[in-house]
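Biologist: Please take one part of this model and look at it closely. I would like the packing of the aromatic rings, and then whatever those rings lead to.

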Amino acid sequence: MNGHSRNLLAQGRVATRLPARDLERARRFYFEKLGLQPVEEAPGGLMYRCGGAEFQVFQSAGASPGTFTQMSWEVHDIEAVVGELKQRGVVFEEFALSPVHGGARTQDGIVDVQNYLSTRAPGPREARGAWFRDSEGNMLGIGQPVT
């Protein structure tokens with residue numbers, strides 16, 4: 001690229017796409033477990049809006065291995081959110097983080113994370129995190145920056 005080129009992708013909006021083998025099962029999970037309803041529907045897809053951002057769950061013959069975070073929410077009170085979701089039947093993952101993120105283990109589904117990139121402030125910082133899988137095996141996360 002020459003110095004006069006524009007980065008056209010940087011001007012576009014980004015939206016997450018999550019695969020679902022069973023779209024109706026996914027719809028039930030997102031409503032019953034997460035309290036979310038689609039803001040738009042099309043054959044083979046559901047669109048959700050949270051905090052001004054959008055994500056779509058789409059009918060797919062493929063599936064994610066669920067071994068990495070595909071989407072996450074940044075919240076102000078992770079303990080309250082995790083507590084509410086547990087009451088709705090969401091099961092949180094229990095594991096140890098990689099050394100680059102501090103190597104800590106989850107306790108009651110929540111872990112302290114180092115080198116977290118926050119949407120609220122530039123640069124790596126500390127945070128608290130929790131992860132769960134949706135009905136389709138997609139790994140979803142919740143993060144709370146530590147100020």
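Modeller: F92 is a good place to start. Its relative accessible area is 8%, and buried means under 20%, so F92 counts as buried. Keep in mind that this is a predicted model. F132 is buried too, with a relative accessible area of 0%.

Now the ring pairs. The count of aromatic pairs comes to seven. One of them joins Y48 and F55. This pair is stacked, with 5.0 Å from centre to centre and 15° between the planes. Y48 and F55 are both buried. F92 and F132 form another pair, with ring centres 5.5 Å apart. Their planes stand at 70°, and planes over 60 degrees apart count as edge-to-face, so that is the class of this pair. F92 sits in the loop between α2 (78-87) and β6 (111-117), while F132 belongs to strand β7 (residues 124-133). The pair therefore ties together parts that are 40 residues apart in sequence. Ring pairs also build a wider group: F29, Y30, Y48, F55, W73, F92 and F132 are linked into a cluster.

Two members of that cluster, F55 and W73, lead to a pocket. Both are in the lining of the second largest pocket. This pocket has a volume of about 260 Å³. Its lining also includes V14, A15 and T16, then C50, G51, A53 and E54, and finally M71 and S72. Strands β4 (53-59) and β5 (71-74) each supply at least two of the lining residues. By character, the lining divides into seven nonpolar residues, three polar and one charged.

Next, follow β4 into its sheet. The sheet is open and has four strands, in the order β1-β4-β3-β2, with mixed pairing. β1 (16-20) and β2 (40-42) are the edge strands. Each has a single partner strand, so one side of each is left without a neighbour in the sheet. From one strand to the next, the twist averages 20°. β2 is joined to strand β3 (residues 45-50) by three bridges, and the two run antiparallel. Within this pairing, A42 has G45 in β3 as its bridge partner.

W73 leads the other way, through β5. β5 pairs with β8 in the parallel sense, over four bridges. The bridge partner of W73 in β8 is I142. Strand β8 (residues 139-145) is largely enclosed by the rest of the structure, because seven of its seven residues are buried. Both of its faces are covered. M139, G141, G143 and P145 are buried on one side, and L140, I142 and Q144 are buried on the other.

One last point, back in the loop that holds F92. D108 is also placed between α2 and β6. Its phi is positive, about 55°, although D108 is not a glycine. Its relative accessible area is 61%, and exposed means over 50%, so D108 is exposed. The loop thus holds a buried residue, F92, and an exposed one, D108.

How values were computed. Residues are numbered from 1 along each chain as its sequence is written. This is a predicted model: local features need pLDDT of at least 70, side-chain atom pairs count only at pLDDT 80 or more; totals for chains, interfaces and linings use all residues. Side-chain values use heavy atoms; hydrogens and water are left out. On a 1 Å grid over the protein atoms alone, a cavity is a set of points where a 1.4 Å probe fits but cannot get out, and a pocket is an open set with protein on both sides within 12 Å along at least five of seven lines; lining residues have an atom within 4 Å of a point. Grid points are joined across faces, edges and corners, and a volume is the space filled by probe spheres set on the points. Ala, Val, Leu, Ile, Met, Phe, Trp, Tyr, Cys and Pro count as nonpolar, Asp, Glu, Lys and Arg as charged, and the others, Gly among them, as polar. Rings of Phe, Tyr and Trp (its six-membered ring) pair if their centres lie within 6.5 Å; planes under 30 degrees apart count as stacked, over 60 as edge-to-face and the rest as tilted. Buried means under 20% relative accessible area, exposed over 50%, partly exposed in between (1.4 Å probe, protein chains only). Two strands pair if DSSP finds at least two bridges between them. Axes are lines fitted to C-alpha atoms, for helices over the stretch in contact, and angles run from 0 to 180 degrees between N-to-C directions.
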